[in-house]
Amino acid sequence: MSKEEVFIGAIDQGTTSTRFIIYDQKARPIGIHQVEFTQFYPEAGWVEHDAVEILESVKVCMAKALDKATADGHNVDSGLKAIGLTNQRETTLIWSKSTGSPLYNAIVWMDARTSSVCRKLEKELSGGRTHFVETCGLPISTYFSAMKLIWLMENIDPVKQAIKSGDAMFGTIDTWLIWNLTGGVNGGLHITDVSNASRTMLMNLKTLDWDKPTLETLGIPAEILPKIVSNSEVIGKIGKGWPITGIPIAGCLGDQHAAMLGQACRKGEAKSTYGTGAFILLNTGEEIVKSKHGLLSTLAYKLGPKAPTNYALEGSIAIAGAAVQWLRDSLGIITTASEIEGLASQVDSTGGIYFVPAFNGLFAPWWRDDARGIVIGITRFTGKAHIARAVLESMCFQVKDVLDSMQKDAMEKGKKTEFLLRVDGGATVNNLLMQIQADLLGSAVVRPADIETTALGAAYAAGLAVGVWKEEEIFASGERAKTSTTFEPTLEEQIRKKKAESWCRAVERTFDLANLSI
């Protein structure tokens with residue numbers, strides 16, 4: 001192999017696993033390693049991660065991916081130009097500046113323990129649930145980092161003490177990783193990017209800086225917050241103690257924003273990522289679009305300190321692939337996630353059952369943290385295959401709800417928009433899931449050849465910052481279209497409408513179930 005090879009690395013830190021991928025100059029993966037890490041469920045509705053275990057998973061993935069690429073003859077040591085980083089968003093951590101140790105487990109984005117914090121603020125603030133929407137684009141919800149941070153400040157003594165003594169550092173997982181990668185207690189950089197910051201409820205969408213009135217209202221000290229940078233710029237170099245050292249970290253995006261870039265979504269284009277949850281983002285260009293139908297106004301990406309800011313409308317779904325994990329780990333109906341396609345294919349319908357996976361409430365477009373999961377329509381005829389198919393349908397119905405909201409918002413702005421849905425994420429290997437999605441939408445679904453677009457987006461951002469790629473190369477869509485698979489709808493319109501009505505009835509039955517006695 002020539003010594004002139006050029007490579008970009010990408011850390012992809014997700015909700016259940018960490019990956020490190022090395023890409024060549026044509027954006028082809030040449031070394032990959034993935035590690036799953038522990039999920040902690042201390043109480044009903046609570047979800048936590050061990051932040052130190054996440055750090056270790058990054059180290060392992062880096063080393064193994066390097067080994068694989070080197071074993072295949074690639075001179076990565078001399079050709080690696082930069083690292084990009086993408087991460088699960090909203091997941092919240094506070095650690096000690098002096099020791100580098102977390103002061104509590106990371107509270108995961110889907111964790112619902114902060115519902116009482118949310119209710120209290122909704123009652124106290126003049127704007128109720130939407131009090132901060134004008135500033136940050138987000139409603140008061142258990143989903144976002146600010147609520148988790150308040151809970152930590154109110155309930156965890158080491159956090160209270162560290163804030164008082166000036167030793168506390170707050171961050172989402174990107175910030176925790178960057179701080180440790182760039183030196184940790186020995187001069188680590190306390191940094192986040194605009195996309196991750198936009199999910200905290202604390203960043204002003206227009207100024208792209210922490211919003212002082214919001215911080216004052218919520219009682220959050222500004223000194224514990226990281227500096228906000230763009231998605232594509234050299235942040236700092238990787239320090240000692242890592243399998244790779246001296247390489248610049250040059251890109252950072254929250255996972256859904258990275259997938260948008262990996263899918264090369266321009267203004268007016270939408271993508272849906274099917275992972276633990278499902279996330280549909282529509283690029284609205286340089287305009288902040290406010291939704292009247294339960295969607296979030298958020299950042300899409302900002303590809304450089306002086307680059308224009310692209311915004312997005314987002315529909316966030318808490319439980320998608322996590323419902324398949326539940327079938328596997330909690331019910332034992334399947335032994336591997338991939339088995340669900342075969343099991344669900346044994347029947348041609350759900351037999352009239354509907355499954356709504358409101359395990360920790362419902363996100364977009366409903367925003368009901370009092371909802372809980374249900375299966376309705378069960379008869380003696382119902383079997384495992386019907387339940388498996390209903391789980392797949394639940395993922396697709398939730399995506400349809402979000403896309404319907406996007407259509408309504410677009411029509412109210414006088415735009416008739418047909419969203420060509422681009423899909424990505426691990427669950428999209430399931431052809432039955434993709435066909436069900438096309439059938440329930442009544443429109444085509446396009447799956448790219450490389451479904452892991454999240455890591456690719458992080459690599460693009462880093463490569464852009466160090467001159468490996470140009471923006472026009474990233475957004476050139478001709479080649480991508482040649483290698484994608486399109487799923488066309490086959491379901492009759494009348495059946496589609498009846499199924500959608502039944503789904504809405506099922507969703508309404510999940511409301512106000514959070515206080516059922518145990």
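Which residue follows α11, and what sign does its phi take? It's G332, and its phi is positive, near 70°. Keep in mind that this is a predicted model. Below is a quick tour: a seven-stranded open sheet, some helices and how they're covered, and a few buried residues with their contacts.

**The open sheet**

- Seven strands line up as β17-β18-β16-β15-β21-β22-β23, with mixed pairing, and the sheet they form is open.
- β17 (296-302) and β23 (485-487) take the edge positions; each has a single partner strand, so one side of each has no neighbour in the sheet.
- On average, neighbouring strands here are turned by 30° against each other, ignoring direction.
- Inside the sheet, β15 (residues 270-274) and β16 (residues 278-285) pair antiparallel over five bridges. If you want a residue pair to look at, S272 has I280 in β16 as its bridge partner.
- Helix α14 (residues 431-441) lies across β15, β21 (421-424), β22 (445-447) and β23. Against β22, α14 runs at about 155°.

**T284, a buried spot in β16**

- T284 sits in strand β16 and counts as buried because its relative accessibility is 8%, where the cut-off is under 20%.
- Setting aside neighbours within four places in sequence, T284 is in contact with K267, V289, Y311, A312 and L313.
- For a sense of span, the C-alpha atoms of T284 and A449 are separated by 25 Å, with the two residues 165 apart along the chain.

**The β6/β8 pair**

- β6 (residues 92-96) is mostly covered, with five of its five residues buried.
- T92, I94 and S96 point one way from β6, while L93 and W95 point the other way; all are buried.
- β6 runs antiparallel to β8 (residues 168-172), and five bridges join them. One position to check is I94, whose bridge partner in β8 is F170.

**Helices α10 and α11**

- α10 (residues 255-262) is mostly covered too: eight of its eight residues are buried.
- Those buried residues are D255, Q256, H257, A258, A259, M260, L261 and G262.
- Just after α10, A264 takes a positive phi of about 55°.
- In α11 (residues 321-331), the buried residues include G321, A322, A323, V324 and L327.
- The cover over the buried residues of α11 includes α12 (339-344), β19 (354-356) and α13.
- Back to the opening question: α11 is followed by G332, with its positive phi near 70°.

**Where α13 crosses α18**

- The axes of α13 (residues 384-412) and α18 (residues 493-508) come within 11 Å, crossing at roughly 90°.
- That angle is why α13 counts as roughly perpendicular to α18.
- On the α13 side, the residues involved are E393, S394, F397, Q398, K400 and D401; they meet K499, A500 and W503 in α18.
- Sorted by class, this contact has three nonpolar, two polar and four charged residues.

**Two buried aspartates**

- D12 has its place in strand β1 (residues 7-13). D12 is buried because its relative accessible area is 9%, with the cut-off at under 20%.
- The side chain of D12 makes a polar contact with the side chain of R19, at 2.7 Å.
- Leaving out neighbours within four places in sequence, D12 is in contact with S17, T18, R19, T86, T454 and A455.
- D24 is in the loop between β2 (17-23) and β3 (29-36), and its 11% relative accessibility is why D24 counts as buried.
- The D24 side chain makes a polar contact with the side chain of R28 (2.8 Å). A polar atom of the D24 side chain also lies 3.0 Å from the backbone nitrogen of K26.
- Beyond neighbours within four places in sequence, D24 is in contact with V6, F7, I30 and W469.
- The C-alpha atoms of D24 and L313 are separated by 32 Å, and the two residues are 289 apart along the chain. L313 also turns up among the contacts of T284.

Technical notes:
Residues numbered from 1 in each chain as written. Predicted model: local features only at pLDDT ≥ 70, side-chain atom pairs only at ≥ 80, totals over all residues. Heavy atoms only, no water. Buried < 20%, exposed > 50% of the residue type's maximum accessible area, 1.4 Å probe, protein only. Helix = DSSP H or I, 4+ residues; strand = E, 2+ residues; numbered from the N terminus. Polar contact = N/O pair within 3.5 Å; in protein donor to acceptor, adjacent residues only side chain to side chain. Contact = heavy atoms within 4.5 Å. Pairing = 2+ DSSP bridges. Axes fitted to C-alpha atoms, helices over the stretch in contact; angles between N-to-C directions. Parallel < 35°, antiparallel > 145°, perpendicular 65-115°, else oblique. Nonpolar A, V, L, I, M, F, W, Y, C, P; charged D, E, K, R; others polar.
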